[in-house]
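Please brief me on the packing and the pockets of this protein. Keep it short and grouped by topic.

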Amino acid sequence: MIVCAGRNETFSFAEPMGVGLIESAINLTRRCLFDKPDFLLFIGSAGSYGEHNIFDIVESKRSSNLEISFLRDDSYTPLDNVLESENKLVKNDTIVNSSNYISTNFELAKNYNNYGIGIENMEFFSIVQVAREFEIPVAGIFVITNYTNKNAHEDFMKNHKEAMSKLTKYLIDKNIIKYDA
């Protein structure tokens, strides 16, 4: 089953789960309780912490939930905040960080790279966590729309349409979906 965030990031071949950690967790849990899928593939946009360029496609099976305060040594958590899917859908080691906030301080956010975290997407951590709870293989495929800097939102808006087109083409080229007119 292919899932996406929703709102302005929808695809005819993917089921929207909601924006952010909470909406996506609630809606995916509800979906799994009533009709558990055999696998989950999350698709969507992401911001780069600097090692990936605009319109790069990044596959991942690893996600984290590290708030930017962690980088400043201003917080800690007793929770398991880095998750990995046990699957063979993708083999990329890029960790996707998730938060309900978009990073805009590039000098601070680029420090995520020191932890193997290359990109951020608001939903992926909750998708992976729900999938693990229901023992569903999960992976994500992301297209970079922006860097995590002061222009993050403007660049996201400017690049979003073309990025979604490039992501769809990538999925077609990889035979993940059929051409969708």
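The points below cover the nonpolar cores, two pockets and one buried loop residue.

This is a predicted model: local features need pLDDT of at least 70, side-chain atom pairs count only at pLDDT 80 or more, and totals for chains, interfaces and linings use all residues. Residues are numbered from 1 along each chain as its sequence is written, and side-chain values use heavy atoms, with hydrogens and water left out.

**Nonpolar cores**

- The largest nonpolar core holds 25 residues. (A core is a set of buried Ala, Val, Leu, Ile, Met, Phe, Trp, Tyr and Cys residues joined through side-chain atoms within 4.5 Å; buried means under 20% relative accessible area, with a 1.4 Å probe and protein chains only.)
- Leu 28, Leu 40, Phe 42, Ile 119, Phe 124, Ile 127 and Phe 142 have the most contacts inside this core.
- Helix H1 (20-34), strand S3 (40-48), helix H4 (124-133) and S9 each supply at least two of its residues. (Helices are DSSP runs of H or I with at least four residues, strands are E runs of at least two, and both are numbered from the N terminus.)
- H4 gives the largest share of this core, 6 residues.
- A second, separate core has 15 residues, among them Ala 14, Ile 43, Val 143 and Leu 171.
- Beyond four places in sequence, Ile 119 is in contact (heavy atoms within 4.5 Å) with residues including Ala 46, Val 58, Ile 95, Phe 142 and Ile 144.

**Largest pocket**

- Its volume is about 420 Å³. (A pocket is an open set of points on a 1 Å grid over the protein atoms alone, where a 1.4 Å probe fits, with protein on both sides within 12 Å along at least five of seven lines; lining residues have an atom within 4 Å of a point. Points are joined across faces, edges and corners, and a volume is the space filled by probe spheres set on them.)
- Of its 24 lining residues, Glu 9, Ser 45, Ile 102, Met 122 and Phe 156 lie nearest the centre.
- S3, S9 and H5 each give two or more lining residues.
- The lining splits into 9 nonpolar, 11 polar and 4 charged residues. (Nonpolar covers Ala, Val, Leu, Ile, Met, Phe, Trp, Tyr, Cys and Pro; charged covers Asp, Glu, Lys and Arg; the others, Gly among them, are polar.)

**Second largest pocket**

- This pocket has a volume of about 270 Å³.
- It is lined by 17 residues, and Asn 65, Leu 66, Thr 77, Leu 79 and Asn 81 lie nearest its centre.
- H4 gives the most to this lining, with 4 residues.

**Thr 148**

- Thr 148 sits in the loop between strand S9 (138-147) and helix H5 (152-173).
- Thr 148 is buried, with a relative accessible area of 0%.

Terms used: Buried means under 20% relative accessible area, exposed over 50%, partly exposed in between (1.4 Å probe, protein chains only).
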